[in-house]
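Me: I should like to learn how to read the features of a protein structure that is new to me. May we go through it together, beginning with a pair of strands?

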Amino acid sequence: MNLDDIRGKLFDNVLMDCIRDKFYHINVDPLTQKERLFFDNAGGALRLKGANDAFKKIDELPDCPEHSNSSALSLHELQLNAYADIKTIFNAKSGSIVTSLTASMVMFEIARAIIENVPGTNVVTTALEHPSAYDSAIIYAKKMGKEIRVAETNPITGGVDVESIVKLIDKNTCVLSVIYASNISGAILDIEEIIKAARAIKPDIYIICDAVQHAPHGVIDLEKTPVDAINIAPYKMGCPRGIGFGFVSERVAELPHDKLVSKDRSIWELGSPASGHFAAINSYVDYVCWIGSQSLDNDDRRALFVEGMNRMKMHERALMYKMLNGTLNCKGLRDIQGVTVYLDDEDLTKRDFIMAIGFNGINHKEAVNLLEKEGVITYERVISSPYSSRMLESLKFDGCVRVSPFHCHNVEDIEKFLKIVLNISQQISKESIKKSIV
Ligand SMILES: Cc1ncc(COP(=O)(O)O)c(C=O)c1O
C-alpha cells in the first residue's frame, strides 16, 4: 500500500474552491444565518446546487411524462437518461431500476419479492443492518415461516467479518441481505469476498445489498460485486429528499411484485415519480464526472464517474486521517484527552468518513448539544433509539456522537472542528475538577 492509500490525497486548492462553490450553505445555516459546520451528512448531505436547481426547474412543469406532447416526451427522455445514469453509478449492464419514495421502501419491496417467492428455508442478514433491511428480512421471513440467521458484528473494526456471514449460509438459504458500509462506524464490508464465499456454498443464492451509506463515498461496481439488488438514497449524495432508487437483476425483476397488470413484468415503477428527481440524479452524475475529468481524459461516462468517486474518496480519507491524527496546527481526535474514538480501525481504506466519538464525563446527547452551541452539527447514536440499539448492542458500546463530514469540506473545517472539540473536552475536565473540590 502506498502512502496515498493510507493517508488519502486532498483535492488541490483550485479544485477544492470550485467544488465548494457548487454546494449550498456549506458554512452558514440558511435559517439562522449563523456560521456552522454541517457534520451530519450521513443523515442527509449538503445539497449540490446543480442537482437541486435542476430538480426545481423540472418540478415547475405540469406535463405528464407518459403523455405525447413535446415537453412530456422530454420528461420521458429525462427519465430514461436518469435510469441510464443510475446504471452508471452501479455499473449495471442489465436488470431493472426500482423507484419509491425512500430507500427504505425500495428495500422492503425487494425483500418481500425475494423472500415470498424464492425457495429456501432460511434468510441470512447481519446485526449491522439499517432497520429497513433488518426488519424487512425479519418480517417476510416470519411471514413465510423461514428461519432468520443474524451475523454478529466485529466490535474492533465496526464491520462484519466475511466468516461470520458465510458460516450462516447453506444450500437452503433463500437470500443474504447485507449492508455495504455501516452508518454508525463507517466500516466498509468486504462485499466482493462475501459474495464469492456465499456463492461457493450456494451458487444461485440471492443477495441484497444496502448501499445507502456507502454510495456517497465510494465506487460500486456490480461487475465485481454481482448482487441481485442494491439501493441508494439520493439525499445522502447531494440531491433532494423524496425518492429512493434501487437496481434489481433480471431474475429479481421478473419475480411477482406490485405493478400495474398491463405493464411489462420487469417494470418496478408504480405511478409517476416527480421528474425533478431524474434531473437531479443526472446532474449529480454530471458533477462526479466533472471531478473525474480534472484528472482523466476520457469520454466514457462510467470511467469519469469512477475517477470522480475515487478522487472524492481519497480527499475524504485525507480529511479523516487529519481528523484522527491532527495537523501542524492542532491535535487529532486520537490525542485529545477526554475524547474517545470508538471502533477506531487503523486501516482507513476500510472506512467511509464517519467517526463515532464520545466525551468523557458527559452523555452523547449533551455532547451533541455542546457541539451545536459551538456551531457544529453532529448526531447522537444512542442505545435507546430504535435506529441504533441493535447495532450498538452488537458492537458492544452504548452510543456515540456521530461525526459525518462530506467531500466538500476542507482542512480548515477539520481544524476548526478539532479546536472546538479540544475546548469542549478541556471545559468538561475543568468543571469536573471544580465539582470534585466542592
Ligand atoms: C444504511 C442506511 N440504509 C437505509 C437508510 C434509509 O434511507 P431512507 O431514509 O431513504 O429510507 C439509511 C438512512 O439513514 C441508511 O443510513
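Reply: Certainly; please note that this is a predicted model. Strand β10 (residues 355–359) and strand β13 (residues 399–403) are joined by three bridges and pair in the antiparallel sense. Within this pairing, M355 stands opposite V403 in β13.

Me: In what order do the strands of the open sheet of four strands lie?

Reply: The order is β9-β10-β13-β12, and the pairing is antiparallel. At the edges stand β9 (339–342) and β12 (379–382); each has a single partner strand, so one side of each is left without a neighbour in the sheet. On average, neighbouring strands here are turned by 40° against each other, direction ignored.

Me: Which helix packs on this sheet, and which strands does the helix touch?

Reply: Helix α12 (residues 364–373) packs there and touches β10, β12 and β13. The direction of α12 makes about 175° with that of β12.

Me: How should I read the sheet of seven strands?

Reply: One again follows the strand order and then looks at the edges. This open sheet runs β2-β8-β7-β6-β5-β3-β4, with mixed pairing. Its edge strands are β2 (96–100) and β4 (147–151), each with a single partner strand, so one side of each is left without a neighbour in the sheet. Neighbouring strands are turned by 20° against each other on average, direction ignored.

Me: How many bridges join β2 to strand β8, and what is the bridge partner of T99?

Reply: Five bridges join β2 to strand β8 (residues 244–248), and the two run antiparallel. The bridge partner of T99 is F245, in β8. A helix also packs on this sheet: α6 (residues 131–143) touches β3 (122–126), β4, β5 (173–179) and β6 (206–210). The direction of α6 makes about 165° with that of β3.

Me: How does one describe two helices that pack together?

Reply: Two packed helices are described by the angle between their axes and the distance between the axes. In this model, helix α10 (residues 275–293) and α11 pack at an angle of about 75°, with their axes 7 Å apart. Angles of 65 to 115 degrees count as roughly perpendicular, and α10 and α11 are therefore roughly perpendicular to each other.

Me: Which residues of α10 and α11 meet?

Reply: From α10 come V285, V288, C289, I291, G292 and S293; they meet R301, L304, F305, E307, G308, M309, R311 and M312 in α11. By class, this contact has eight nonpolar, three polar and three charged residues.

Me: Into which domains is the protein divided, and how many residues are in contact between them?

Reply: Domain 1 comprises 3–47 + 313–437, and domain 2 comprises 53–285. Their centres, taken over C-alpha atoms, are separated by 28 Å. Across the boundary, 25 residues of domain 1 are in contact with 27 residues of domain 2. On the side of domain 1 that touches domain 2, α11 (301–325) and α13 (389–395) each supply at least two residues. The largest share of that side, four residues, comes from α13. By class, the side has eleven nonpolar, three polar and eleven charged residues.

Me: Finally, which residues are around the ligand, and what classes do they belong to?

Reply: The residues around the ligand are T102, A103, S104, H130, S132, I179, N183, D210, V212, Q213, A233 and G244. By class, this shell has four nonpolar, seven polar and one charged residues.

Terms used:
Residues are numbered from 1 along each chain as its sequence is written. This is a predicted model: local features need pLDDT of at least 70, side-chain atom pairs count only at pLDDT 80 or more; totals for chains, interfaces and linings use all residues. Two strands pair if DSSP finds at least two bridges between them. Axes are lines fitted to C-alpha atoms, for helices over the stretch in contact, and angles run from 0 to 180 degrees between N-to-C directions. Two residues are in contact if their C-beta atoms, placed from the backbone, lie within 7 Å. Domain bounds come from an automatic or database domain assignment. Ala, Val, Leu, Ile, Met, Phe, Trp, Tyr, Cys and Pro count as nonpolar, Asp, Glu, Lys and Arg as charged, and the others, Gly among them, as polar. A residue is near a molecule or strand if its C-beta atom, placed from the backbone, lies within 6 Å of it. Angles under 35 degrees count as roughly parallel, over 145 as roughly antiparallel, 65 to 115 as roughly perpendicular and the rest as oblique.
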